[in-house]
Amino acid sequence: MKILAFAGSTSSTSINRELVKFVLKDFQNEEINLIDLNDFDMPVFSVDREKKGFPDEAHNFLKAIEDCDVIICSLAEHNRSYSAAFKNVFDWSSRINVKVFQNKPMLLMSTSPGGYGGGNVMNTAKTFFPNFGADIKDTFSLPKFYENFDFESGVINPEMLKDLKDKIENFKNQIIDK
């Protein structure tokens, strides 16, 4: 199984990237493509720029999705929505293929330093991603990242760790049965 994994952030200290890397430890026997949104830097989307053609990076992002079997991502929340970097990649890509996620099974996550754990962006994504070809199999949100996550051990809150492990197992069962 080929896994495409990414954080919806370009921060070099992305906590969402740390959550993704922690989850990927449960998929060590799989082929993993952990991408960095910094490798998909494009001009801010506009219809005027679109008339001049699509950036190679948008095609490359879609190709990475095409080449995978499943997607694992964790979205950063900026001002209760997607990060500008992720939204830009998404906007460009959706103009090439409205089914950006190409009907791939997805484990969708979010985390933040606050108590809502990126819940606003998670709720937005759960509502809209299926319209763009995401087959969301399960979701997980980790609140208060710096209280509930250790960079060596991962999720340290026992209840949240159990919830995450249950969701990973549920995700695996759904994609194996597919």
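Two strands are said to pair if DSSP finds at least two bridges between them. The structure considered here is a predicted model, and this notion of pairing opens the way into its sheet. In strand β1, which comprises residues 2-8 and runs parallel to β2, 4 bridges make the connection between the two strands. Ile-3 stands opposite Ile-32 in β2. From β1 the chain passes through α1 to reach β2, a β-α-β crossover that is right-handed. A further position in β2, Leu-34, has Ala-5 opposite to it.

These two strands belong to a wider arrangement. An open sheet is built from 5 strands in the order β2-β1-β3-β6-β7, with parallel pairing. At its edges lie β2, residues 31-34, and β7, residues 134-142, each of which pairs on one side only. On average, and with direction ignored, neighbouring strands of this sheet are turned by 20° against each other. As a general matter, strands of a sheet pair through backbone hydrogen bonds, and they do so either parallel or antiparallel.

Towards the other edge, β6 and β7 pair over 8 bridges, again in the parallel sense. Here Lys-104 stands opposite Ala-134 in β7. The route from β6 to β7 leads through helix α5, residues 119-128, and this β-α-β crossover is also right-handed. Helix α1, residues 15-24, lies across β1, β2, β3 (70-75), β6 (104-111) and β7. With respect to β6, helix α1 runs at about 130°.

One residue of the edge strand β7 may be examined more closely. Thr-139 is found in strand β7. Is Thr-139 buried or exposed? Its relative accessibility is 16%, and buried means under 20%, so Thr-139 counts as buried. Apart from neighbours within four places in sequence, Thr-139 is in contact with Leu-107, Leu-108, Met-122, Lys-126 and Lys-167.

The aromatic residues give a second view of the structure. A pair of aromatic rings is described by the distance of the centres and the angle of the planes. Over the whole structure, a search finds 20 aromatic pairs. In one of them, Phe-54 and Trp-92, the ring centres are 6.1 Å apart and the planes stand at 85°; planes over 60 degrees apart count as edge-to-face, and therefore this pair is edge-to-face. Phe-54 lies in the loop between α2 (47-50) and α3 (56-66), whereas Trp-92 lies in helix α4, residues 84-96, so the pair ties together parts that are 38 residues apart in sequence. The two partners may also be described by their accessibility. Phe-54 is partly exposed, its relative accessible area being 30%, while Trp-92, at 1% relative accessibility, counts as buried.

Another pair, formed by Tyr-82 and Phe-86, is tilted, with 5.5 Å from centre to centre and 50° between the planes. Both Tyr-82 and Phe-86 are buried. These two residues also take part in a cluster linked by ring pairs, which includes Phe-6, Phe-40, Phe-61, Phe-90, Phe-101, Phe-129 and Phe-132 as well. An aromatic ring can also be met by a charge: the charged end of Lys-172 sits over the ring of Phe-27, 4.9 Å from the ring centre.

Some residues in the loops complete the picture. Asn-79 is found in the loop between β4 (77-78) and β5 (81-82). Although Asn-79 is not a glycine, its phi is positive, at about 50°. Its relative accessibility is 79%, and exposed means over 50%, so Asn-79 counts as exposed. Gln-102 is found in the loop between α4 and β6; this residue, too, has a positive phi of about 50° without being a glycine.

The last residue to be considered is Asn-29, in the loop between α1 and β2. Asn-29 is exposed, with a relative accessible area of 77%. How far apart are the C-alpha atoms of Asn-29 and Met-1? They are separated by 8.7 Å, although the two residues are 28 residues apart along the chain.

Notes: Residues are numbered from 1 along each chain as its sequence is written. This is a predicted model: local features need pLDDT of at least 70, side-chain atom pairs count only at pLDDT 80 or more; totals for chains, interfaces and linings use all residues. Side-chain values use heavy atoms; hydrogens and water are left out. Rings of Phe, Tyr and Trp (its six-membered ring) pair if their centres lie within 6.5 Å; planes under 30 degrees apart count as stacked, over 60 as edge-to-face and the rest as tilted. Buried means under 20% relative accessible area, exposed over 50%, partly exposed in between (1.4 Å probe, protein chains only). A charge sits over a ring if NZ of Lys or CZ of Arg is within 6 Å of the ring centre and within 35 degrees of the ring normal. Axes are lines fitted to C-alpha atoms, for helices over the stretch in contact, and angles run from 0 to 180 degrees between N-to-C directions. Contact means heavy atoms within 4.5 Å. A crossover is right-handed if, with the strands pointing away from the viewer, the path from the first strand over the helix to the second runs clockwise.
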